[in-house]
Amino acid sequence: MADKKVDSGSESDSTEEPVVGNVNKFAVVPPGYSGRPKKGHLIFDACFECGNLGRVDYITEYEYDLFIRPDTCNPRFRVWFNFTVENVKSDQRVIFNIVNFSKTKSLYRDGMSPMVKSTSRPKWVRIPAKHVYYYRCPDHRKNYVMSFSFCFDREDDVYQFAYCYPYSYTRLQNYLDNLEKKNMDFFSRELLCLTVQQRRLDMITITHPDNLDMDEVRHTVFITARVHPGETPSSFVCQGLIDFLISNHPIAKVLREHIVFKIVPMLNPDGVYLGNYRCSLMGFDLNRHWLEPSPWAHPTLYATKNILMELDRNEKVIVDFYIDIHAHSTLMNGFMYGNTYDDIERYERQSVFPKLLGANAEDFSLANTNFNKDAVKAGTGRRTLGGCLDDNSHCYTLEVSFFSYQTSASSSSLPYTEEGYMKLGRNLARTFLDYYKLVNFITAKPSSSIVPKPGAYRSGVRDRQHERSQTDPTVESYEDRRRTYNRHGDFGINSCNGFGDPPTSIRLQLRDRDMRKY
Ligand SMILES: [Zn+2]
C-alpha cells in the first residue's frame, strides 16, 4: 500500500516520493488511535478494475485529503479517480479535498462535479455543483484543489466516487460477447493482438455479408476509441454508434448495405483496466506514437495501424473516414479536430462532415470544431493517418465534453448523461448516410427523399434537416428531439440525486476558507 508515501503534486518538486499504488481497504483513523476501526472510521478502497486513489490523509474527523494515483510509469498525469468508501455512520458529514490534480484548467470551473453511487442506489449521479469548490489552495503549494462536501446517509451502503461515468474493459468484453451470441450475419469480431498484460484488442466489422466478397470496391469507415483510458465518454459514444449500426433502423440497414464499418472500441485496454487517465501500462501517451508504433511498446497501435495501412493499400478498399473518439476535460459540447492541408479542395471537402453532424446532433458545436497542424498534436492518430492514408480520406478526432453541452436554443448548459453520450454516437452513425447521399454514393430507398439539393450544406444545414424530417418519417427532427429531452428532463445535476445534502455548516466551513473560486 502506498498510503504513507507523499506525492509532490508538482513536477518541479523531486524531493518527495510519488504515490505508486492504490489504497487497499485502507481505514483512516484519527492520529494516535489504535485498535479496530470503529463505525465512522472511513475505509477507502481503489483495488478494483479502473480504480484510482493513491493516498488518504486524515485532516479532521470531518475532512480528508485525497491523492490521485498517477498513471503507471508516468507521474505527470493525475486526473482520473474512482474509489469506494465504506464503514460510514448514518448522517456522517465530510469534506473530501482532491489535492494533486495535474491539470489546472478544468470543467470544475464551469459547474462539473464528481459522480457518486452507492450499493442501494446503483445509478451514477452527479454531486450537486453547489457542494463542489475548485480553487488554488495555499495549503497545497498553491495546487488546484477540488473540494466537495458529502453526507453519508446509509450505514450499510458502500459509496463509490468517480471523475466521470466509468466504462471498464470488462464491460466492453461483456458487451461484445453478447453481440457475438446474437449471431448477426452482418457483425463479426476479431482479435487484432494481445496487450502487454494479455488483454484483447478487439476489432469489429459491421456490414452486409455480401460486402465481404472482394469483387467490388468497398467504401470503409474506420473508427477507434479510448486511446486515452480516462476518457470514458468516448466508450459511451462508441457503444451508441455500434448499437445504432447493428439495429433495425432503416438508416442502419442502408448503411450496412453500402458501407463497411471497422471499429476498434478500446485502443488502450491495459490503461483502462489500471485506472490510468492518459497512458498505457508502460507510461506512453499512445496518441503521440502513431508515426512509428513499436510492436512491443505500443502493440495495440502497431496492430491497428497495420490493418489501416493494409486496407489503404488494397485496391478494392476505399478508406473514406478515420475517426478517433476522445473526451475533453476543459471544453463543452461534442466537436471535431481535423487537419489543414495545402490542397484547398481537400481542406474544404473535410469541412463537410462536421457540418452534417452539427445538423444531426444538437450537442455538436461547429464553433469548437477546428482544423490545425499544431506541433503538439504530431503523432496523434488524426494527424498521422491524415498524412499517410489516401488523399481522399477524411481523418478527424471527435471530442466530447466530460461534462456538458450548450445548444444554440438555450444559454444554460446541460450535463451529459450516459444516454446523452450514446445519442451522440447514434447521431454520428446517421450522419454517414447524409454524407454518402451528399456525394451521391447512396441513393437507395428508404431515404431517397432525403437527398439534399446540391450545395444545400453550404446554405444552412438546419434548414435542410428540417426539410428532410418532413418527408422521411424515419428521421427525427431536431425539434422533435429537443422536445423529447425536455419531456424526460433526466439531467441529474438539477434534480434531487437521492443522497443527503451536507448541512449548511459544512458548506460554510468550505466557503469561509481562504480560497478563490476560479
Ligand atoms: Zn484524448
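Along the chain, the donors of the zinc ion follow the spacing H-x2-E-x94-H. Within this spacing, glutamate 231 and histidine 326 link distant parts of the chain, being 95 residues apart. Glutamate 231 lies in the loop between β14 (218–225) and α2 (233–245), whereas histidine 326 belongs to strand β16 (residues 317–328). The structure analysed here is a predicted model.

Coordination of the zinc ion is provided by His228 through ND1, by Glu231 through OE, listed twice, and by His326 through ND1, at 2.1 to 2.4 Å. The angles subtended by the 4 donor atoms around the zinc ion run from 57 to 151°, and the arrangement is therefore irregular. A tetrahedral assignment would require all angles of four donors to lie between 85 and 135 degrees. For four tetrahedral donors, the ideal angle at a metal is 109.5 degrees.

Two of the coordinating residues were examined for solvent accessibility. Glutamate 231 has a relative accessible area of 3% and is therefore buried, the criterion being a value under 20%. Histidine 326 likewise counts as buried, at 3% relative accessibility.

A further position considered is isoleucine 206, which is located in strand β13 (residues 200–206). Its relative accessible area is 0%, so isoleucine 206 is buried. When neighbours within four places in sequence are left aside, isoleucine 206 is in contact with Phe186, Phe187, Ile242, Leu245, Ile246, Arg256, Ile259, Val260, Phe261 and Ile263. Between isoleucine 206 and methionine 184, which are 22 residues apart along the chain, the C-alpha separation is 9.5 Å.

Note on methods
Residues numbered from 1 in each chain as written. Predicted model: local features only at pLDDT ≥ 70, side-chain atom pairs only at ≥ 80, totals over all residues. Heavy atoms only, no water. Donors = N, O, S within 2.8 Å, 3.2 Å for Na, K, Ca; no water. Tetrahedral: all angles 85-135°; square planar, octahedral: opposite > 155°, others 65-115°. Helix = DSSP H or I, 4+ residues; strand = E, 2+ residues; numbered from the N terminus. Buried < 20%, exposed > 50% of the residue type's maximum accessible area, 1.4 Å probe, protein only. Contact = heavy atoms within 4.5 Å.
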